[in-house]
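Let's work through a few short exercises together, with the structure open beside you. Each one sets a task and then walks through a solution.

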Amino acid sequence: MVERLAIWLQYLLPKRLLTQAVGKLAAHPGGSLTTRAIEWFIKRYKVDMSEASQPNAAAYATFNDFFTRELKTGARPIAQSALVSPVDGAISQLGKIQVQQIFQAKGHDYSAQTLLAGDTSLAKVFENGLFATLYLSPKDYHRIHMPCTGRLRTMTYVPGDLFSVNPSTARNVPGLFARNERVVCVFDSERGPFVMVLVGATIVGSMSTVWHGQVNPPRYGEVVHWQYDDQQIVLQQGEEMGRFLLGSTVVLLFPENTYQFDSDWSATGKICMGQSMGSALHTE
């Protein structure tokens, strides 16, 4: 009953206005007030600051600086594996794409075509492939890294809702990750194309990538597409590719017969950036 009430309230809340207000506060250098707020947040969410390159809360001028904090060198070693986890967080779901249907939670699927802003030809590439939905909670490290080496081909901003992306909402809001605001990044790798979708959420002030900078805001009212075929933007495995302000979700898509996930990867499992995620499939 409590869970249903929380979901119902999300439908009623002015999520965009709330997100814009929090975004402005998070970007404001508030001096000692900001420091106290960060200290409260660290205590409330049990953030492990011993891993941060700057563990002192007073070193961060804004909440945004704190949310996108850098880790100490060597805190996240990159595994010798074909695929590594791009984020710290938890596995929301993972598995096989059933033709073009992606499993969200019991009773809820959504289509790859909808996730990819209606791009039928791109969605076709991932029929019967693999997906992984990775959730970053507020306490987690908020930088996103490359699961494997890739050359950037396109980026697409897709407007949408701003529901929370926590496990409770995923269980109750149909098509959550394909209805929320998102940024779709398409890469080529030595084993073919793959997609990283950065999904926005309530009070996620912005999403950014290393090649573009801040993607939102502004929050465009239509799909916006960027093409990079004329540029050599190549990111190595483990290299940073983007950031969230506050926690959110990354959805990964891989074509059929390219990779398999490690056997210890399963829904709700905790993950760290750089740990082994999967191995390459060797087909005749």
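**Exercise 1. Find the strands that pair with β9, and say how many bridges join each of them to it.**

Step 1. Strand β15 (residues 249-254) runs antiparallel to β9, and five bridges join the two. Strands here are DSSP runs of E with at least two residues, helices are runs of H or I with at least four residues, and both are numbered from the N terminus. Two strands pair if DSSP finds at least two bridges between them. Within this pairing, V197 has V251 of β15 opposite.

Step 2. Now turn to strand β8 (residues 182-189), which is antiparallel to β9 and joined to it by eight bridges. Here V195 in β9 is the residue opposite V186. The link from β8 to β9 is a hairpin of two residues.

A word on the source: this is a predicted model, in which local features need pLDDT of at least 70 and side-chain atom pairs count only at pLDDT 80 or more, while totals for chains, interfaces and linings use all residues. Residues are numbered from 1 along each chain as its sequence is written, and side-chain values use heavy atoms, with hydrogens and water left out.

**Exercise 2. Describe the surroundings of P193 in β9.**

Step 1. Place the residue: P193 belongs to strand β9, residues 192-199.

Step 2. Look at the strand as a whole. β9 is largely enclosed by the rest of the structure, because six of its eight residues are buried. Buried means under 20% relative accessible area, exposed means over 50%, and partly exposed lies in between (1.4 Å probe, protein chains only).

Step 3. Classify the residue: P193 has 25% relative accessibility, so it counts as partly exposed.

Step 4. List its contacts (heavy atoms within 4.5 Å). Leaving aside residues up to four places away in sequence, P193 touches V125, F126, F187, D188 and P255. L152 is 41 residues from P193 along the chain, and their C-alpha atoms are 9.7 Å apart.

**Exercise 3. Work out the strand order of the open sheet of four strands.**

Step 1. The order is β6-β14-β10-β11, with antiparallel pairing.

Step 2. β6 (143-145) and β11 (213-216) are the edge strands, each pairing on one side only.

Step 3. Check one pairing: strands β10 (residues 207-209) and β14 (residues 240-244) are antiparallel and share three bridges. M207 has F244 of β14 opposite.

**Exercise 4. Characterise the largest pocket and its lining.**

Step 1. Rolling a probe the size of a water molecule over the atoms shows where empty space is left. A pocket is an open set of points, on a 1 Å grid over the protein atoms alone, where a 1.4 Å probe fits, with protein on both sides within 12 Å along at least five of seven lines.

Step 2. The largest pocket holds about 620 Å³ of space. Its volume is the space filled by probe spheres set on the points, which are joined across faces, edges and corners.

Step 3. Lining residues have an atom within 4 Å of a point. There are 31 of them in the largest pocket, and the closest to its centre are G89, A90, S137, D140 and K270.

Step 4. β2 gives the largest share of the lining, five residues.

Step 5. By type, the lining has 14 nonpolar, seven polar and ten charged residues. Ala, Val, Leu, Ile, Met, Phe, Trp, Tyr, Cys and Pro count as nonpolar, Asp, Glu, Lys and Arg as charged, and the others, Gly among them, as polar.
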